[in-house]
Each structure stands twice: as structure tokens, then as C-alpha cells.
Amino acid sequence: MTILLRLLYASEAQQGLTDDDIAAILESARRHNEPLGITGALSARGGHFAQVLEGPELAVLRTYVRIADDTRHHDPQLITIGTVNDRIYGDWFMGGVTDDSNPLVQIDELRTLRDHTVRRDQATLLMGRWLALLQAQTNG
Ligand SMILES: Cc1cc2nc3c(=O)[nH]c(=O)nc-3n(C[C@H](O)[C@H](O)[C@H](O)COP(=O)(O)O)c2cc1C
């Protein structure tokens with residue numbers, strides 16, 4: 001049976017990234033993720049990225065390592081990582097979250113609750129909120 005891994009990280013975007021640059025990142029992400037069975041969401045706001053990757057363990061780890069080396073951002077920080085039974089993002093091979101005004105504020109709120117360690121259920125709540133935003137963006 002395939003082990004499903006889910007992780008959430010946050011990073012600082014390279015200065016001067018445009019909406020077109022973010023669209024190009026999403027295009028590349030989806031092209032690679034679909035054949036690998038990786039789903040997730042990418043939030044890009046206010047100079048920060050936050051991204052959820054979920055899928056087969058090895059594919060997620062390899063993809064994360066590749067992303068972490070990308071010069072379009074820096075200082076990636078893993079916020080949560082763990083095996084899961086089910087996906088949150090079903091068939092979103094990488095949803096672009098554009099409506100969440102500042103995901104890092106939420107992540108910081110989560111962090112302060114437990115000294116730099118974010119409880120998994122709290123991170124999962126944030127991921128659920130992004131899913132709702134993705135669904136609202138598509139329907140609206
Ligand atoms: C914030 C960010 C998120 C990214 N997310 C993904 C991703 O989910 N999957 C992926 O394969 N590449 C992702 N990338 C792109 C990779 O870092 C890398 O550029 C890409 O896989 C190279 O493939 P390409 O040259 O075929 O576009 C991301 C890059 C950045 C900066």
C-alpha cells in the first residue's frame with residue numbers, strides 16, 4: 001500500500017515576483033505533480049509562500065527537496081509533516097490560493113500556541129480553509 005505523506009512549509013518569496021511568475025510556478029507544479037499523484041495548495045501573498053504537498057511519500061519528499069532549491073524563494077521552513085490516511089486536496093494537483101490575505105499570520109498564530117511546534121490538527125484546519133477558498137474561487 002502506498003504511504004501518503006502530507007507536509008506544510010512556508011518560505012520567503014524572491015523580491016519582485018509578479019503574478020505571471022506565480023502563474024508559471026503553478027503551471028510547472030501541476031505538470032509535474034499530476035503524473036506523480038501529488039496534490040496540494042500554494043498560497044502566495046505579501047512576499048510569502050505557504051504550500052501543502054500531499055501524495056506518495058517518496059514523490060512528496062523528492063518534490064519538496066527540488067522546490068526547496070528553487071531560487072524564486074528562500075528560507076523554506078517545514079511547519080508540519082506526517083503520514084495521513086486521506087488527502088485533503090483530492091484532485092487539486094496544485095491549487096493556487098489567492099484570497100487568503102496573509103497565511104503566515106495564521107501560521108504564526110498557530111506557532112505561538114505551542115512554541116514553534118504547530119499541532120497537526122491546527123495545521124489541518126488551515127489546510128481545510130484553503131480548500132474552501134479553492135472551491136469558492138472555482139465556483140465563483
Ligand atoms: C513556491 C514554489 C512552489 C513550487 N511548487 C512545485 C510543486 O508543487 N511541484 C513541482 O514539481 N514543482 C514546484 N515548483 C517548481 C520547482 O521548484 C521546479 O522549478 C520545477 O519542478 C522545475 O521543473 P520545470 O523546469 O519543468 O518547470 C515550485 C516552485 C516554487 C518557487
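Helices here are DSSP runs of H or I with at least four residues, strands are runs of E with at least two, and both are numbered from the N terminus. What you're looking at is a predicted model.

**View 1. The whole chain is built from four helices and five strands.** Going from the N terminus, the elements come in the order β-α-β-β-α-β-β-α-α. Of the 140 residues in the chain, 29% are buried. Take the contacts between residues at least 6 apart in sequence: 77% of them join residues at least 24 apart.

**View 2. Strand S1 pairs with S3 and also with S4.** S1 covers residues 4-13. With S3 (48-56), S1 pairs in the antiparallel sense over nine bridges. To get your bearings, find leucine 4, whose bridge partner in S3 is proline 56. With S4 (residues 73-84), S1 pairs in the antiparallel sense too, again over nine bridges. Here the pair to look for is leucine 7 and its bridge partner in S4, isoleucine 81.

**View 3. Helix H1 (19-36) has buried residues covered in part by S2.** H1 is 18 residues long and spans 26 Å from its first C-alpha to its last, close to the 26 Å expected at 1.5 Å a residue. Ile25, Ala29 and Asn33 are the buried residues to pick out in H1. An α-helix has 3.6 residues a turn, so residues three or four places apart point the same way. After H1 comes glycine 37, which has a positive phi, near 75°.

**View 4. The largest nonpolar core holds 25 residues.** Leu8, Ala41, Leu42, Val52 and Met127 have the most contacts inside this core. S1, H1, strand S2 (39-45), S3 and helix H4 (120-139) each put in at least two residues. Zoom in on methionine 127: setting aside its neighbours within four places in sequence, methionine 127 is in contact with Leu8, Val52 and Ile88.

**View 5. A shell of 16 residues surrounds the ligand.** The ones that come nearest are Ser28, Ala29, His32, Asp70 and Arg72. Two or more shell residues come from each of helix H1, strand S3 and helix H2 (57-68). H1 gives the largest share, five residues. Ala29 is worth a second look, as this residue is among those nearest the ligand and is also one of the buried residues of H1. By type, the shell splits into seven nonpolar, six polar and three charged residues.

Note on methods. Residues numbered from 1 in each chain as written. Predicted model: local features only at pLDDT ≥ 70, side-chain atom pairs only at ≥ 80, totals over all residues. Near = placed C-beta within 6 Å. Nonpolar A, V, L, I, M, F, W, Y, C, P; charged D, E, K, R; others polar. Core = buried A, V, L, I, M, F, W, Y, C linked by C-beta atoms within 7 Å. Buried ≥ 20, exposed ≤ 12 C-beta atoms within 10 Å, placed from the backbone. Contact = placed C-beta atoms within 7 Å. Pairing = 2+ DSSP bridges. Expected span 1.5 Å × (residues − 1).
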